Amino acid sequence: MRSFVELPEGWTRVSSSGPGPFVTAETVRGPDGAERRWESRRHRKQSPARRRAAAGAHRPSKEPVWWRPHRRDWWMAALFVIGALCFTVGGIASQWLATPRVGVGVTFFVGSLFFTSAAYLQFTEAVNAERGLGPRTHPRRWRPASWEPKRIDWLATVVQLIGTLLFNISTFAALHHNLTTKQTNARVWAPDAFGSIAFLISSELAFAEVCHRWISFRNRTLAWKIVALNLLGSIAFGASAIA
């Protein structure tokens, strides 16, 4: 198997690795004989910077850490945090009988919308990852979607997006308090359970992309900590769905 990136003329692939049928890392050799390691996640995260460089857009090197609205990954993080905050507030408020049920339901539903918005941005990041390693000569056209099931990062983001859509359905259906038990099982708990499963699958795929194997606790980089915490959160979502 080989990765989705195209090598510049004169470059060759030396070796590749990854979990199962997926390629998450490759060693490539340049015309000068020097070898370079390519990694899926790092390549994807660096793609926006390469596009800005190709378009001639330059940002100041020193910018506030907490305020970077010109960057897509900043919006992804902000939307995920707001969505998680809504779920936290809704979960805490639901423990008090005096809290209006409608208010709790709306809080969960709004939080699910923030999750879906962030998940779609993450999906488009994978869709629009650079296809080459060489320098860019012109900006690449932005795509809203693609079909690339052989890429582990694409699979992780699309499965997560599906999971957030299922949570949209379950949290919206939960706003209706006149449902029968059968309707509640079909419209609320089934989407909630399948959404939790989608989150768990997506998190494991993202974890495997960083580790280059299905499970690894050795390379505890920042990227590893991010996907490990995401996996733990998905396990907690699954536990709540079972409960």
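Q: How do the residues lining the largest pocket divide into nonpolar, polar and charged?
A: In this predicted model, the lining has 18 nonpolar, nine polar and 10 charged residues.

Q: What volume does the largest pocket have?
A: About 1,200 Å³.

Q: Which residues lie nearest its centre?
A: Ala-77, Phe-80, Gln-122, Ile-226 and Asn-230. The full lining of the largest pocket counts 37 residues.

Q: Which helix gives the most to that lining?
A: Helix 2, with 10 residues. Helix 2 spans 72–93.

Q: And which helices each supply at least two residues?
A: Helix 1 (40–55), helix 2, helix 3 (101–127), helix 4 (152–173), helix 5 and helix 6.

Q: Next pocket. What is the volume of the second largest?
A: About 580 Å³. The second largest pocket is lined by 21 residues. Closest to its centre are Phe-108, Thr-171, Ala-174, Val-188 and Trp-189.

Q: How many of the second pocket's lining residues are charged?
A: Two. The others are 11 nonpolar and eight polar.

Q: Which helices each supply at least two residues there?
A: Helix 3, helix 4, helix 5 and helix 6.

Q: Switching to backbone. What is phi of His-212?
A: Near 65 degrees, a positive value in a residue other than glycine. Most residues other than glycine have a negative phi.

Q: Where is His-212 found?
A: In the loop between helix 5 (181–211) and helix 6 (222–242).

Q: Is His-212 buried or exposed?
A: Buried, because its relative accessibility is 17%, and buried means under 20%.

Notes
Residues are numbered from 1 along each chain as its sequence is written. This is a predicted model: local features need pLDDT of at least 70, side-chain atom pairs count only at pLDDT 80 or more; totals for chains, interfaces and linings use all residues. Side-chain values use heavy atoms; hydrogens and water are left out. Helices (H or I, at least four residues) and strands (E, at least two) are DSSP runs, numbered from the N terminus. Buried means under 20% relative accessible area, exposed over 50%, partly exposed in between (1.4 Å probe, protein chains only). On a 1 Å grid over the protein atoms alone, a cavity is a set of points where a 1.4 Å probe fits but cannot get out, and a pocket is an open set with protein on both sides within 12 Å along at least five of seven lines; lining residues have an atom within 4 Å of a point. Grid points are joined across faces, edges and corners, and a volume is the space filled by probe spheres set on the points. Ala, Val, Leu, Ile, Met, Phe, Trp, Tyr, Cys and Pro count as nonpolar, Asp, Glu, Lys and Arg as charged, and the others, Gly among them, as polar.
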